[in-house]
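Work through the following exercises with the sequence and the coordinates open. Each task is followed by a solution in steps.

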Amino acid sequence: MMTESWLKKILQSGHFAVTAECGPPKGADPEVVKNKGRILKGHVDSVNVTDNQTGVVRLSSLAACALLLAEGLDPVLQMVTRDRNRIALQSDVLGASALGIRNILCLSGDHQSFGNQPQAKGVFDIDSIQFVQTVRKMRDAGEVIGGDKLTQPPQLFIGAVENPFADPLKYRASRLATKAEAGAEFIQTQCIYNIKRFKEWMGLVRDTGVDGKVYILGGITPLKSARMAEYMANNVAGMDLPEEIIKRMKSVPQKEQRQEGMKIAVETIQELQAIKGVRGVHIMAIEWEDAVPQIVQEAKLSPRPQV
Amino acid sequence: MITAERKPITEIKEMIAPYKKVLVVGCGSCVAECASGGEKEVGLLASALRMDAKASGKDVEIKEMTLDRQCVYEFIDQLTDVIDQYDVILSLGCGAGVQAVAEVFPKALILPALNTTFIGQTKEAGLWIENCRGCGDCKLGYFAAVCPITRCAKGLFNGPCGGSKADRCEVDPDVPCAWQLIVTRLEDMGRLDLLCKVHPPADWSKQQGKGPRKIYREDQRS
């Protein structure tokens, strides 16, 4: 069993990190998770497991992380504050560490009204920044909210997310600083299609000096089709997908659109590598995990380093 | 004020169907202000129920009465002399009013005609918005007088979330993003520094820690 976060070791040793995403199935089949893990193993440093993303009930992220760990991967446990109060969150943080999970990504989560349980009560007892702060205190001070001591603190590398494309832009950079101050050690961003705005945001981030305090991993989602591009542009909250990307996807025949989507992803990764302060990429190939090895290879980020 | 909306007429008719003598009781306070349970609405509902009874050939007596406040004993007491004449009280008070009347008259049947919704503000004619959750620990001073618990769909203390686009909330584009309002107002006041502070987890015990809350004031007892 690993004793330290592999992702942390990769980033600390100065390598450009590559993480991917694994969405658990809408069912109890462990093989789905294991198969996704096998596809990604060796091609990326760590794998995020989403937590009932878009508010749709799926196999739990904690269980899926344990399955990936058993397959020899370094899982990143995504946990949202939408579904659990502070008692459940802190309990699961301890459980994750006990299972050997070494990375956590703290989020507030997509609002329940978007999913298949729109009548659910959204918990939001604490928000994502408070959650980051809580995990940090559990780990570093060995105490839970309220100050009670833990018999053994959890061992976790702590991450958060940021959306450089949501409004208000100027505040997005200072919000990142707040997340860093709360205790986040790495940041994964929303999918980047508007590289110009991303660069603008990174400029603001560098002005605050936060790029020296947290590892920033740029989000990449390869497009499967022109239709997917249009859908994301119009229906996914917080997404900034410029018209020229949709045009580019439409300009090739349908059969070749997947290839084109991967090409855009590779080009974006290469642009990100040139931006000061970007320390890696997070590839979210939605239900298309087998695209990841090829993207990593074409971006010349393969083979992954051993540290 | 407390806002409410009248229940669909079919639901109300179904509730009172077994009864012959109905007293429709309004409230002249909050629900009158939001045009759901005042004297006027009592009249409209009673007329509709009478017409319906007539059309379906039922012999039902429906009377009207509106109290200044349905949640204060001094006003509820006005029902004392008449309540025995009715099979059912159809209350157009908020949830607090319905329960207060029921407590004063333990043997009477009280049914709610409204769905009580929120603490809110009359934004413009015919538009009410929710802006207070009664959390018991007001922090509006930090948030430029815009409540994120109530007006942010995720109740974020350290917002905004990643879904705010063009000033709108991702959950409902008809609703302005509370955090956009907070940031803009603080910027106008030159107080963006207030956002650098990480707000710790809220103390929800002030809202729901030990079940229903009460306010007890010795100075008001005599």
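## Exercise 1: a strand and its partner

In strand β4 of chain A, A:Leu105 is the bridge partner of A:Gln78. The model is a predicted one.

**Task.** Describe how β3(A) and β4(A) pair, and place both in their sheet.

**Solution.**
1. Start with the ranges: β3 of chain A covers residues 75-80 and β4 of chain A covers residues 103-107.
2. Five bridges link these two strands, and the sense is parallel.
3. Besides the bridge between A:Gln78 and A:Leu105, A:Val76 is found opposite A:Asn103.
4. Now widen the view: eight strands of chain A, in the order β1-β2-β3-β4-β5-β6-β7-β8, make a closed barrel with parallel pairing. From one strand to the next, the twist averages 30°.

## Exercise 2: the two faces of β4(A)

**Task.** Which residues of β4(A) lie on each side, and are they buried or exposed?

**Solution.**
1. In a regular strand, side chains alternate between the two faces of the sheet.
2. One side of β4(A) carries A:Asn103, A:Leu105 and A:Leu107. The other carries A:Ile104 and A:Cys106.
3. These residues are all buried, and both faces are thus covered. The count agrees: five of the five residues of β4(A) are buried.

## Exercise 3: the cores

**Task.** Which residues have the most contacts inside the largest nonpolar core, and what surrounds A:Ile104?

**Solution.**
1. The largest nonpolar core contains 90 residues, and A:Leu68, A:Ile104 and A:Cys106 have the most contacts inside it.
2. The element that gives the most to this core is helix α3 of chain A (residues 61-70), with six residues.
3. For A:Ile104, set aside the neighbours within four places in sequence. The contacts are then A:Leu77, A:Met79, A:Val93, A:Ala96, A:Val135, A:Leu156, A:Ile158 and A:Gly159.
4. A second core, separate from the one above, has 34 residues, including B:Ala4, B:Ile16, B:Cys27 and B:Val98.

## Exercise 4: an open sheet in chain B

**Task.** Establish the strand order of the three-stranded open sheet of chain B, and say why β1 and β7 each have a side without a neighbour.

**Solution.**
1. β1 (residues 2-6) and β6 (residues 114-124) of chain B are antiparallel and share four bridges. B:Arg6 is placed opposite B:Leu114.
2. β6(B) also pairs with β7(B) (residues 127-132), antiparallel, over five bridges. Here B:Thr122 faces B:Trp128 across the pair, and B:Glu124 stands opposite B:Leu127.
3. The order is therefore β1-β6-β7, with β1 and β7 at the edges; each has a single partner strand, so one side of each lacks a neighbour in the sheet.
4. The twist from one strand to the next averages 70° in this sheet.
5. Finally, inspect the turn: β6(B) and β7(B) form a hairpin with two residues between them, and B:Gly126 in the turn has a positive phi of about 80°.

## Exercise 5: domains and the chain contact

**Task.** How is chain B divided into domains, and how many residues does each chain bring to the contact?

**Solution.**
1. Domain 1 of chain B spans 2-118 and domain 2 spans 133-208.
2. The C-alpha centres of these two domains are 37 Å apart.
3. To the contact between the chains, chain B brings 24 residues and chain A brings 26 residues.
4. On the side of chain B that touches chain A, 14 residues are nonpolar, six are polar and four are charged.

Definitions and conventions: Residues are numbered from 1 along each chain as its sequence is written. Chains are lettered from A and ligands numbered from 1 in the order in which they are written. Domain bounds come from an automatic or database domain assignment. A nonpolar core is a set of buried Ala, Val, Leu, Ile, Met, Phe, Trp, Tyr and Cys residues joined through C-beta atoms within 7 Å. A residue is buried if 20 or more other C-beta atoms lie within 10 Å of its own, exposed if 12 or fewer, and partly exposed in between; C-beta atoms are placed from the backbone. Two residues are in contact if their C-beta atoms, placed from the backbone, lie within 7 Å. Two strands pair if DSSP finds at least two bridges between them. Axes are lines fitted to C-alpha atoms, for helices over the stretch in contact, and angles run from 0 to 180 degrees between N-to-C directions. Ala, Val, Leu, Ile, Met, Phe, Trp, Tyr, Cys and Pro count as nonpolar, Asp, Glu, Lys and Arg as charged, and the others, Gly among them, as polar.
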